[in-house]
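Hello,

Here is the structure you asked for, with the sequence alongside. My notes on what turned up in the model follow below.

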Amino acid sequence: MTAPAVAIRRPKPSSLRRPGIAPILILASVAVMAGLVVLPLGVVFRDAFAKGVSTYLAAIKEPDARAAIRLTLIVAAISVPLNALFGVAAAWSVTKFEFKGKAALLTLIDLPFSISPVISGLVWVLLFGAQGWFGTWLVDHDVKIIFALPGLVLATILVTLPFVARELIPLMQAQGSDEEAAALTLGASGLTTFVKITLPNIRWALLYGVLLCNARAMGEFGAVSVVSGHIRGQTTTLPLHVEVLYNDYDFVGAFAAASLLASLGLITLILKTALEWRHSGELAAGRKH
Amino acid sequence: MIDLARPLALPRPRWKEPSILPGFGVGLGLTLTYLGLIVVLPLAALAIRPWELGVSGVWHELAQPRVTAALKLSFGLSALAALLNAPLGLLIAWTLVRYQFPGRRILDALVDLPFALPTAVAGIALSAIYAPNGPLGSLAAKIGIKTAYSPLGIFIALVFIGLPFVVRSLQPVMQDLDAEVEEAAQTLGATTLQRVIRVVLPALAPALISGVSLAFARAVGEYGSVVFIAGNLPMKTEIAPLLIVIKLEQYDYAGAAAVGLAMVVIAFSILIGINAAQTWFARRGRP
């Protein structure tokens, strides 16, 4: 792969680079990465094509698989824009203004990352499940949340809530608000200032956040597993479809569906790396997670 | 006498600094409403619902052998996996930061693969690899080690999922590590081992600890990459998140919430403890 050299990522000469030790450490690293991290990826594609390309294609074109793909896209299409909007609003209010309670707000924004995905699904069942706080009311008014699309969306939103905000907050903090203040002083309206000054300043970080948010939204398993009910062709997103097929011993089908998700992960990884290489200056905490 | 020139108004305590930028009300209003509906309300349900059972009921629920076994397994294996991630992460981060070799950038990008791969995909792939007929599982079986469907299988999945946290925490700090300090130590006659232990590791310790605790926190709650390889035998290979799922399937909401709340409380207590230790460590390390 060729890429423009990024100064900050060039290795420093090490005094530990004695003859002999470097190759050993490099080989050991490559071995750990290959055996632990890369091998699973290879196995997904090997097993997906274990019975040939036609079986693979049949598994992907099957109605339940198509329904699962559609549902996954719908869930992501609702959750990702909402979390992007939230991320921008949260980052704007947290970085452009000084107010009390900001630290608590930041903790709250990060909180979904520190709880188990299963708990992120469980909480919605506690609210809207058959015996949930609002369960009886929902049954009386014939509204379905759990074991239906709204539950899947809510669980996905909770799990992926911090992604965009986390990318934007450190960047906007570093950028400050001088440019916006200048525009406003010169008579630009608030909206014009946001669209013409802020948005161009944060676009790559926003894209980066949306990319990670989308990957997680489409690949989320634990949280949606709790609220889905696993109704085949109706409430199974692609990761849940993988689970259903795997538990039915339909391994080719499971790995075929998994290969789609693995491709999504790979594409995300490539785009993410490209953003880091080309726009590293415009991504604040891009390298951190 | 009253000084009339001075304004009478007391300095009003302000919760927000004045700013000429617009949009504070809308932005904060939107943020708080969203957080309230998506994070606070649901987590309030988690905090409140277990107590429907009463204090003794919650205690009884958590004292069940199956529950304590699951909690012990989840927290114990997560700690072990996070600890193994420390040397592995040090090795990989060191290689990526210090050495120039073909494919370094690709290796660097691949570190994020466990983040990028959906957990269910990682889960079925790991269980295919470590199953008795899988490429690595069969090797282990030859020397009599059961990997998949045993605690060892869970451990491997947790190491997989936690590795990027340690590498990514260490990399920026290693990048900034001053090679001159090492060289100074070398000039003063320190051996390689002494330099690593006395100079390099102390400088990396805070980042290493935070990486390991992130890996630990992730491992405790991990579900997708573990359930397929775990075997899910009660008392033996049943992780705490799976127990929540099972209790929900039995409509035991309060029981599920009790296990969930216990997980959150234990995990946060451990993380706060690590944080305190880290602060103490950092203060002690300062000259």
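Of the contacts in chain A with a separation of 6 or more, 74% are between residues 24 or more positions apart. Please keep in mind that this is a predicted model.

The secondary structure of chain A consists of 13 helices and zero strands. Read along the sequence, the pattern is therefore α-α-α-α-α-α-α-α-α-α-α-α-α. Along the principal axes, the C-alpha atoms of chain A fill a box of roughly 65 × 60 × 30 Å.

On the surface and the interior: chain A has 289 residues, and buried residues make up 53% of them. The chain exposes about 12,500 Å², of which carbon and sulfur atoms supply 66%. As for charge, chain A carries 23 positive and 17 negative charges, and the mean positions of the two sets are 11 Å apart.

One residue was looked at individually, A:Asn201. It lies in helix H10 of chain A, which covers residues 190-219. Is A:Asn201 buried or exposed? Neither label applies: its relative accessibility is 23%, so A:Asn201 counts as partly exposed, since buried would require a value under 20% and exposed one over 50%.

Leaving out residues up to four places away in sequence, A:Asn201 touches A:Leu171, A:Gln175 and A:Glu179. A:Val227 is 26 residues from A:Asn201 along the chain, and the C-alpha atoms of the two are separated by 38 Å.

Regards

Notes:
Residues are numbered from 1 along each chain as its sequence is written. Chains are lettered from A and ligands numbered from 1 in the order in which they are written. This is a predicted model: local features need pLDDT of at least 70, side-chain atom pairs count only at pLDDT 80 or more; totals for chains, interfaces and linings use all residues. Side-chain values use heavy atoms; hydrogens and water are left out. Helices (H or I, at least four residues) and strands (E, at least two) are DSSP runs, numbered from the N terminus. Buried means under 20% relative accessible area, exposed over 50%, partly exposed in between (1.4 Å probe, protein chains only). Contact means heavy atoms within 4.5 Å. Accessible areas come from the Shrake-Rupley method with a 1.4 Å probe; for residues, only the protein chains shown count as cover. Lys and Arg count as positive and Asp and Glu as negative; His and the chain ends are not counted. The place of a charge is taken as NZ of Lys, CZ of Arg, CG of Asp or CD of Glu.
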